[in-house]
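Hi there,

Here is the structure I promised to pass on. Have a look at it first, and my notes come after.

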Amino acid sequence: MPDMPLPQLHIRKVLDMKDLYNRSIDYLRLSVTEQCNLRCRYCMPEEGSGPCREEMMTKEEMVMAVRAAAELGITKVRITGGEPLIHPEIIPICRSISQIPGITETVMTTNGTRLAQYADALLEAGIQRINVSLDTLDPKKYRLMTRGGQLENVLQGIERALRTGFRKIKINTVLIGGYNTDEIGFLAELTVKYPLDVRFIELMPTAGNTGLGQDCYVSAAAVLDALPEAVYEQEEGVAKMYRLPGAAGRIGLITPVSQHFCASCSRIRLTADGKLKPCLLSSEEISIKGLNEEGMREQIYRAIMEKPKRHGPLSAVQRSESERSMNRVGG
Ligand code: SAM
Ligand code: SF4
């Protein structure tokens with residue numbers, strides 16, 4: 001008698017996963033590496049993250065985790081790090097993730113230093129939108145804040161990405177008192193010259209930036225003081241969006257410190273060493289490294305159900321309770 005095919009077990013895909021506080025969870029931030037070719041003073045210590053360790057997730061494990069997450073209702077994946085473009089398998093990782101059934105948006109956050117080289121391949125691998133971190137337009141200040149980075153590389157990366165045809169390019173600018181608040185106008189001008197959004201983000205006091213004092217924290221309200229002509233348009237995810245008269249792009253304000261957005265948080269995080277973080281700023285972590293797909297799915301479900309209602313206190317003087325620097329979380 002010929003072998004009878006075994007019946008297939010199907011887990012019904014979740015279409016709208018709600019956590020215990022009725023928030024829809026559809027967004028996974030996947031950190032593919034802790035390593036970075038820069039050392040931004042607000043993000044990580046000068047000595048870096050140490051050598052790449054064996055306990056980092058493999059490409060296969062990352063893809064398996066996203067497949068499991070997609071079955072639980074995740075539709076959007078942001079690939080981040082550390083610096084994602086220094087991962088040797090970054091293009092195959094992007095391609096595999098963007099092809100997972102149920103994943104409708106695959107996007108990336110990068111420091112842009114290698115974007116000129118990778119933009120075409122990223123688009124071809126399914127990356128639809130790119131966020132580039134850029135805190136200053138002054139090469140000397142850039143070198144100082146990143147501990148050695150070359151601004152020119154980032155500008156070339158943005159230029160290349162603009163020509164490549166991504167659906168959207170956003171610039172992420174961390175506001176830092178005494179460093180770049182005098183450049184708010186120049187950075188905002190980019191939205192007039194180019195079809196890109198510039199989003200100003202409040203500095204979060206984290207384990208990676210104990211060297212920055214409380215005077216480095218600046219409320220995003222400072223942006224509106226500097227740009228009184230900006231007109232409010234809408235909320236978009238965690239950002240409040242504004243536009244300068246006649247501008248092609250928009251200005252965004254992201255206020256994790258002055259006005260947290262926990263009530264509408266839709267995300268979970270997976271670190272490069274395989275820890276699920278239900279919340280960026282809490283210390284809870286759930287390990288999935290080494291599990292099979294079913295085990296990963298169970299733990300992802302647990303992470304969603306254990307998402308706290310809100311993170312602990314965070315202010316200019318109250319540091320995040322997580323012991324991870326931002327490059328080790330995937331900001
Ligand atoms: N290396 C990539 C980059 O710089 O875009 C991706 C990883 S980085 C950790 C992701 C984002 O986190 C960047 O936009 C960075 O500016 C932001 N970030 C890092 N440390 C931060 C902090 N302490 N407060 C606010 N944003 C921070
Ligand atoms: Fe690297 Fe990004 Fe952190 Fe800067 S913000 S040190 S580029 S991971």
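Below is what I found, starting with the sheet and moving on to two helices and a loop. Please keep in mind that this is a predicted model.

**The sheet**

There is an open sheet of 12 strands with mixed pairing, in the order S7-S8-S9-S6-S5-S4-S3-S2-S1-S10-S11-S12. Strands S7 (231-236) and S12 (286-287) stand at its edges with a single partner strand each, so one side of each has no neighbour in the sheet. At the S12 end, S11 (residues 275-277) pairs with S12 in the antiparallel sense, over 2 bridges. One residue pair to look for there is Lys275 and its bridge partner in S12, Ser287.

**Helix H5**

Helix H5 covers residues 151-164, and its 14 residues at 1.5 Å each should span 20 Å; the end C-alpha atoms are indeed 20 Å apart, which agrees. Which residues of H5 are buried? They are Leu151, Val154, Gly157, Ile158, Ala161 and Thr164. Looking down the axis of H5, you will see these buried residues fall within an arc of 150 degrees, so they line one face of the helix. The spacing fits a general rule: an α-helix has 3.6 residues a turn, so residues three or four places apart point the same way. The partners that the buried residues of H5 pack against are helices H3 (115-124) and H4 (139-146), together with strands S4 (129-133) and S5 (168-175). Just after H5 comes Gly165, with a positive phi near 105 degrees.

**Helix H6 and Thr191**

Helix H6 (residues 184-193) lies across three strands, S5, S6 (197-202) and S9 (251-254), and runs at about 145 degrees to S6. Within H6 sits Thr191. Is Thr191 buried or exposed? Its relative accessibility is 0%, so Thr191 counts as buried, the cut-off for buried being under 20%. A polar atom of the Thr191 side chain lies 2.7 Å from the backbone oxygen of Ala188. Beyond its neighbours within four places in sequence, Thr191 is in contact with several residues, among them Leu196, Val198, Leu244 and Ile251.

**The loop with Ala207**

Finally, take a look at Ala207, in the loop between S6 and helix H7 (221-226). With 33% relative accessibility, Ala207 counts as partly exposed. Leaving aside neighbours within four places in sequence, Ala207 is in contact with Ser322, Glu323, Arg324 and Ser325. The C-alpha atoms of Ala207 and Cys43 are separated by 8.3 Å, although their positions lie 164 residues apart along the chain.

Best wishes

Conventions. Residues are numbered from 1 along each chain as its sequence is written. Chains are lettered from A and ligands numbered from 1 in the order in which they are written. This is a predicted model: local features need pLDDT of at least 70, side-chain atom pairs count only at pLDDT 80 or more; totals for chains, interfaces and linings use all residues. Side-chain values use heavy atoms; hydrogens and water are left out. Helices (H or I, at least four residues) and strands (E, at least two) are DSSP runs, numbered from the N terminus. The expected span of a helix is 1.5 Å times one less than its number of residues. Buried means under 20% relative accessible area, exposed over 50%, partly exposed in between (1.4 Å probe, protein chains only). The arc is that of the directions from the helix axis to the C-beta atoms. Contact means heavy atoms within 4.5 Å. Two strands pair if DSSP finds at least two bridges between them. Axes are lines fitted to C-alpha atoms, for helices over the stretch in contact, and angles run from 0 to 180 degrees between N-to-C directions. A polar contact is a pair of N or O atoms within 3.5 Å; within protein, one must be able to donate a hydrogen and the other to accept it, and residues adjacent in sequence count only if both atoms are side-chain atoms.
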